[in-house]
Amino acid sequence: MRIVILPTPSHVAEYAADRVLDVVNGYKNPVLGLATGSTPVELYKVLVTRYQAELVSFEHVKSFNLDEYIGIDGRHQQSYRYFMNAHLFDHIDINMANTHVPLADGLDAKELALSAQLYENNIKVAGGIDLQILGVGINGHIGFNEPTSSFASRTRIKTLSQSTVEANQRFFEADEFQPKLAMTMGIATILESRSILLMATGEQKAKAVKHMIEGPISSMWPGSILQQHAATTVVLDEAAASEL
Ligand code: GLP
């Protein structure tokens, strides 16, 4: 694990954008793993700015998102498909057909299992993920792999933990339906990425960051398994690094 500590969230976003551009400009058929949540919003802004400055083209990029809610469709403002379109895809030259977000809404149990398998297959057919962007939950989750998730897990349905539901409540109106289920890449799926860049900012992430980097490898803090991944960089602002 390589640890990079920078002064502010803007520095973290600029650093992450540099890593994304290394892959997008350096590889013939780049495959990105993308994340949602508030942490990467600034990264996507920087990527759009660099695209507008003609420093990068996403024409040949394929992307796979980590996760998606079950119970709201892609037109819902809190769906991760909507998030990705609004924050990144609608503003760059990526081919929408090459952008993948787990397809999870409106499917019965059998179809959900097939959809998860298809997602795994599509990643393989694309040649695997070159760079996976990750955030981390305050309880240490990566994607929606909540504490106790198996390190051998593949793309599947997960029930969100109470703490994750509470942490994400801020995005939903008080009387609005909030999903408690999601489809997420598994931990084994994530670990197959050739390189990983985990971003964390703010003091509320400091405890999860400490467990992830300094704690024993434990499924109680899913991010800690990244200690075993050969090409993982964790980029932090000073607040997120404050308990190290
Ligand atoms: C969410 C997402 C994760 C994300 C994490 C942290 O629920 N499923 O992919 O990394 O929680 O989110 P945030 O960046 O908003 O703190």
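Here are some notes on this structure for someone meeting it fresh.

1. First, a caveat: this is a predicted model. The protein has seven helices and 10 strands. Along its principal axes, the C-alpha trace spans about 45 × 40 × 35 Å.

2. How does the overall size fit a compact globule? For 244 residues, a compact globule would have a radius of gyration near 18 Å, and the protein comes in at 17 Å, so the two agree. As for burial, 43% of the 244 residues count as buried. Among contacts with a separation of 6 or more, 79% link residues 24 or more positions apart.

3. A good place to start looking is the open sheet of seven strands, whose order is β1-β10-β9-β6-β2-β3-β5, with parallel pairing. Its edge strands are β1 (2-6) and β5 (99-100), each of which pairs on one side only. Over at the β5 edge, strand β3 (residues 62-65) runs parallel to β5 and is joined to it by two bridges. If you want one pair to click on, Phe64 has His100 in β5 as its bridge partner.

4. Next, have a look at β7 and β8. Strand β7 (156-159) pairs with strand β8 (residues 181-184) in the antiparallel sense, over four bridges. Arg156 stands opposite Thr184 in β8. Which side chains of β7 are buried? Arg156 and Lys158 are, and they point to one face, while Ile157 and Thr159 point to the other and are not buried.

5. Now the ligand. It is surrounded by 14 residues, and the closest are Gly37, Ser38, Thr39, Gly135 and Gly137. By character, the shell around the ligand divides into nine polar residues, four nonpolar and one charged.

6. On annotation, the unreviewed UniProt entry marks Asp67, Asn139, His141 and Glu146 as "active site". The UniProt record (again an unreviewed entry) also lists residues 11-233 as "domain: Glucosamine/galactosamine-6-phosphate isomerase". That stretch, residues 11-233, is 33% helix and 15% strand, and its end C-alpha atoms are 15 Å apart.

7. Two of those annotated residues are worth a closer look, starting with Asp67. Asp67 is found in strand β4 (residues 67-70). Asp67 counts as buried because 22 C-beta neighbours lie inside 10 Å, with 20 or more being the cut-off. Leaving out residues up to four places away in sequence, Asp67 touches Tyr80, Pro102, Gly143, Phe144, Ala182, Met183, Thr184 and Met185. One of these, Thr184, is the residue opposite Arg156 in the β7-β8 pairing.

8. The other is His141, found in the loop between β6 (131-134) and β7 (156-159). Buried or exposed, then, for His141? His141 counts as buried, since it has 26 C-beta neighbours inside 10 Å. Apart from its neighbours within four places in sequence, His141 is in contact with Glu146, Pro147, Thr164 and Pro222. Glu146 is itself on the UniProt "active site" list.

9. Last, follow the chain to His229, in the loop between α7 (206-214) and β10 (232-237). His229 is partly exposed, because 17 other C-beta atoms lie within 10 Å. Where does Met1 sit relative to His229? The two are 228 residues apart in sequence, and their C-alpha atoms are 7.2 Å apart in space. Setting aside neighbours within four places in sequence, His229 is in contact with Leu191 and Ile196.

Terms used
Residues are numbered from 1 along each chain as its sequence is written. This is a predicted model: local features need pLDDT of at least 70, side-chain atom pairs count only at pLDDT 80 or more; totals for chains, interfaces and linings use all residues. A residue is near a molecule or strand if its C-beta atom, placed from the backbone, lies within 6 Å of it. Ala, Val, Leu, Ile, Met, Phe, Trp, Tyr, Cys and Pro count as nonpolar, Asp, Glu, Lys and Arg as charged, and the others, Gly among them, as polar. The radius of gyration is taken over C-alpha atoms; the globule rule is 2.2 Å times the number of residues to the power 0.38. A residue is buried if 20 or more other C-beta atoms lie within 10 Å of its own, exposed if 12 or fewer, and partly exposed in between; C-beta atoms are placed from the backbone. Two residues are in contact if their C-beta atoms, placed from the backbone, lie within 7 Å. UniProt positions are given in the numbering used here, feature names are shortened, and annotations may be inferred rather than shown by experiment. Two strands pair if DSSP finds at least two bridges between them.
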